[in-house]
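Dear colleague,

I am handing over the structure we spoke about, and my notes on it follow directly below. Please read them with the coordinates open beside you.

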Amino acid sequence: MKAKKTGLPLCGWCGRKVHYRTRVCEACDTHYEVLRDLHDRIMRKELSICETCDTFFKYIPQKRFCDECSRER
């Protein structure tokens, strides 16, 4: 079966159809906003990321691991 051409562009991240003049679909745009918010909170030193399990936790200077990973060590 041949794919039907709709003329709509595809999302640059997931390949779904997007509306005219946009580059990403609504779902990917929402994910991007969440990631940008997390990044901003890390840069403002409100959050940190655990070095072993990538869990977010409240920023404490020189703390590199979340509580669970600290207990395992």
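Read from one end of the sequence to the other, the chain runs through the pattern α-β-β-α, which amounts to two helices and two strands. Please keep in mind throughout that this is a predicted model. The mean pLDDT of the chain is 83, with 86% of its residues at 70 or more. In the chain, confidence is lowest in α1, where the mean is 88, and highest in β1, where it is 94. As a general caution, predicted coordinates should not be read in detail where pLDDT is low.

On the overall build, buried residues account for 15% of the 73 residues in the chain, and the exposed surface comes to about 6800 Å², of which carbon and sulfur atoms supply 52%. Among the contacts with a separation of 6 or more, residues 24 or more positions apart contribute 0%.

Helix α1 covers residues 26–43, and its geometry can be checked against expectation: 18 residues at 1.5 Å a residue should span 26 Å, and the end C-alpha atoms are indeed 26 Å apart, so the two values agree. Just after α1, K45 adopts a positive phi of about 60°.

Two further residues with positive phi sit in the loops that follow. D54, which is not a glycine, has a phi near 60° and is placed in the loop between β1 and β2 (56–58); with a relative accessible area of 56%, above the 50% cut-off, D54 therefore counts as exposed. Q62, again not a glycine, has a positive phi of about 65° and lies in the loop between β2 and α2 (67–72); its relative accessible area is 81%, so Q62 is exposed as well.

Which residues make up the largest nonpolar core? There are five of them, namely C50, F57, F65, C66 and C69. Within that set, C66 touches C50 and F57, and it also touches C53, leaving aside residues up to four places away in sequence. Strand β1 (residues 47–49) contains S48, which has a relative accessible area of 11% and is therefore buried, being under 20%. With the same exclusion of sequence neighbours up to four places away, S48 touches T55, F56, F57, Y59 and I60, and of these F57 is a member of the core just described.

Given the cysteines in that core, how many disulfides does a search of the whole structure find? The search returns zero. C14 is in no disulfide, and its nearest cysteine sulfur, that of C25, lies 3.6 Å away. For C53 the closest cysteine sulfur is in C69, also at 3.6 Å, and because a disulfide needs the sulfur atoms within 2.5 Å, this is too far for a bond. As for their surroundings, C14 has a relative accessibility of 36% and so counts as partly exposed, lying between the 20% and 50% limits, and C53, at 35%, falls into the partly exposed class for that reason too.

If you take up the model from here, the points I would look at beside the coordinates are the sulfur distances at C14 and C53, and the positive phi values at K45, D54 and Q62.

With best regards

Conventions. Residues numbered from 1 in each chain as written. Predicted model: local features only at pLDDT ≥ 70, side-chain atom pairs only at ≥ 80, totals over all residues. Heavy atoms only, no water. Core = buried A, V, L, I, M, F, W, Y, C linked by side-chain atoms within 4.5 Å. Buried < 20%, exposed > 50% of the residue type's maximum accessible area, 1.4 Å probe, protein only. Contact = heavy atoms within 4.5 Å. Helix = DSSP H or I, 4+ residues; strand = E, 2+ residues; numbered from the N terminus. Areas by Shrake-Rupley, 256 points an atom, 1.4 Å probe, with all protein chains shown as cover. Expected span 1.5 Å × (residues − 1). pLDDT = per-residue confidence, 0-100.
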